[in-house]
Amino acid sequence: TGPAKTTGSDLYIRDLASGATRTVTEVAEFTLSRDEKTLAYLVSSKNDEKNGLYVLNPNFGTGGAALKAGPGKYSNLVWDEKQTRLAFFYDDSQVLPPNVAPPPRVKGAPGAPAVQAPPPPPRYRVFVWDRQAKPEAPLAARIPLRAVGGFGAVTAAVVAADPPAPAAVSEVLSAATPGFRKGWTLAGGSPSFSLDGTKLFVSVA
């Protein structure tokens, strides 16, 4: 059979002053910034739609905000020296396009149980989150107000539907990136930033 899917485990956040404890479920990997204002963590869930990179401020009781979420494998969190940028790998090699059936099971000897076809090789892509980037603007909706005092005029008002969300991540490198040597692939492992944070080093094969 193919490799068993690995899900994350519980991460406990305990406030030593108050004794309060929070639990974040299905965490596969995490990193806390030195200023203790940003806890970034990767989720590997039984529900693939919940996989992804999330951040929260452990000093507050709010839940984690998804920076990138959805089916696929997320791994290898790494900060730059100033901890303004956070890089990670994303592998979507086993994510099936919509309306595509999974591969058939390989038949073994007569009477033997069928075995799962071997998984495809990883297809890594590198993403970076800029912690200092401006958050996305809140969604706004125009709603008509009721006419008042018999007047037929309708006034439009702008209402913020959601609070600002953290800035999204950006894809910075993949085998499809212009200039990437044909036939080479990203090999995974641990990426690393240069000391000034302007370069990101990764392994290729």
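A nonpolar core, as the term is used here, is a set of buried Ala, Val, Leu, Ile, Met, Phe, Trp, Tyr and Cys residues joined through side-chain atoms within 4.5 Å. Keep that in mind as you click around this predicted model.

**Colour by confidence**

Start with pLDDT. The chain averages 82, and 75% of the residues score at least 70. Now select 139–163: pLDDT is below 50 over this stretch, which has 25 contacts in the model beyond its near neighbours in sequence.

**The largest core**

Next, show side chains for Leu-53, Leu-67, Leu-77, Leu-86, Phe-88, Trp-129 and Val-169. Of the 15 residues in the largest nonpolar core, these touch the most other members. Turn the ribbon on too: β3 (39–43), β4 (52–56), β6 (73–79), β7 (85–91) and β8 (124–130) each supply at least two residues of the core. As a general point, nonpolar side chains in soluble globular proteins tend to be buried together.

Centre on Trp-129. What does Trp-129 touch, leaving aside residues up to four places away in sequence? Its partners include Val-55, Leu-67, Trp-79 and Leu-86, along with Ala-167, Ala-168 and Val-169. Thr-38, Thr-84 and Arg-85 also touch Trp-129.

There's a second, separate core as well, made of nine residues; pick out Leu-11, Val-24, Val-27 and Tyr-41 among them.

**Rings, pair by pair**

Tyr-41 is a handy stepping stone, as the structure holds six aromatic pairs and Tyr-41 belongs to one of them. It pairs with Tyr-54. Why is this pair called stacked? The ring centres are 5.7 Å apart and the planes sit at 15°, where under 30 degrees counts as stacked. Tyr-41 is in strand β3 and Tyr-54 in strand β4, 13 residues apart, and both are buried.

Now jump to Phe-89 and Tyr-124. This pair is tilted, with 5.3 Å centre to centre and 55° between the planes. Phe-89 lies in strand β7 and Tyr-124 in strand β8, so the pair ties together parts 35 residues apart in sequence. Phe-89 has 0% relative accessibility and counts as buried.

For a group of rings, select Tyr-74, Phe-88, Tyr-90 and Phe-127, which ring pairs link into a cluster. While you're at Tyr-90, add Lys-68: its charged end sits over the Tyr-90 ring, 4.5 Å from the centre.

**A chain of charges**

The structure holds four salt bridges. Select Asp-92, Arg-123, Arg-125 and Glu-171, which are linked in a network of them, and walk through it:

- Asp-92 to Arg-123: the closest N and O atoms are 3.0 Å apart. Both residues are in the loop between β7 and β8, 31 residues apart.
- Asp-92 to Arg-125: the closest N and O atoms are 2.9 Å apart. Arg-125 is in strand β8, so the bridge ties the β7–β8 loop position of Asp-92 to a part 33 residues away in sequence.
- Arg-125 to Glu-171: 2.9 Å between the closest N and O atoms. Glu-171 is in strand β11 (residues 170–173), so this pair ties together parts 46 residues apart in sequence.

Which members of the network are buried or partly exposed? Asp-92 is buried at 14% relative accessible area, whereas Arg-123 is partly exposed at 45% and Glu-171 is partly exposed at 39%.

**Last stop: two backbone oddities**

Most residues other than glycine have a negative phi. Check Glu-26 in strand β2 (residues 21–32): its phi is positive, about 60°. Then go to Asn-76 in strand β6, where phi is also positive, near 60°.

Conventions. Residues are numbered from 1 along each chain as its sequence is written. This is a predicted model: local features need pLDDT of at least 70, side-chain atom pairs count only at pLDDT 80 or more; totals for chains, interfaces and linings use all residues. Side-chain values use heavy atoms; hydrogens and water are left out. Buried means under 20% relative accessible area, exposed over 50%, partly exposed in between (1.4 Å probe, protein chains only). Helices (H or I, at least four residues) and strands (E, at least two) are DSSP runs, numbered from the N terminus. Contact means heavy atoms within 4.5 Å. pLDDT is the predictor's confidence in each residue, from 0 to 100. Rings of Phe, Tyr and Trp (its six-membered ring) pair if their centres lie within 6.5 Å; planes under 30 degrees apart count as stacked, over 60 as edge-to-face and the rest as tilted. A charge sits over a ring if NZ of Lys or CZ of Arg is within 6 Å of the ring centre and within 35 degrees of the ring normal. A salt bridge is a side-chain nitrogen of Lys or Arg within 4 Å of a carboxyl oxygen of Asp or Glu.
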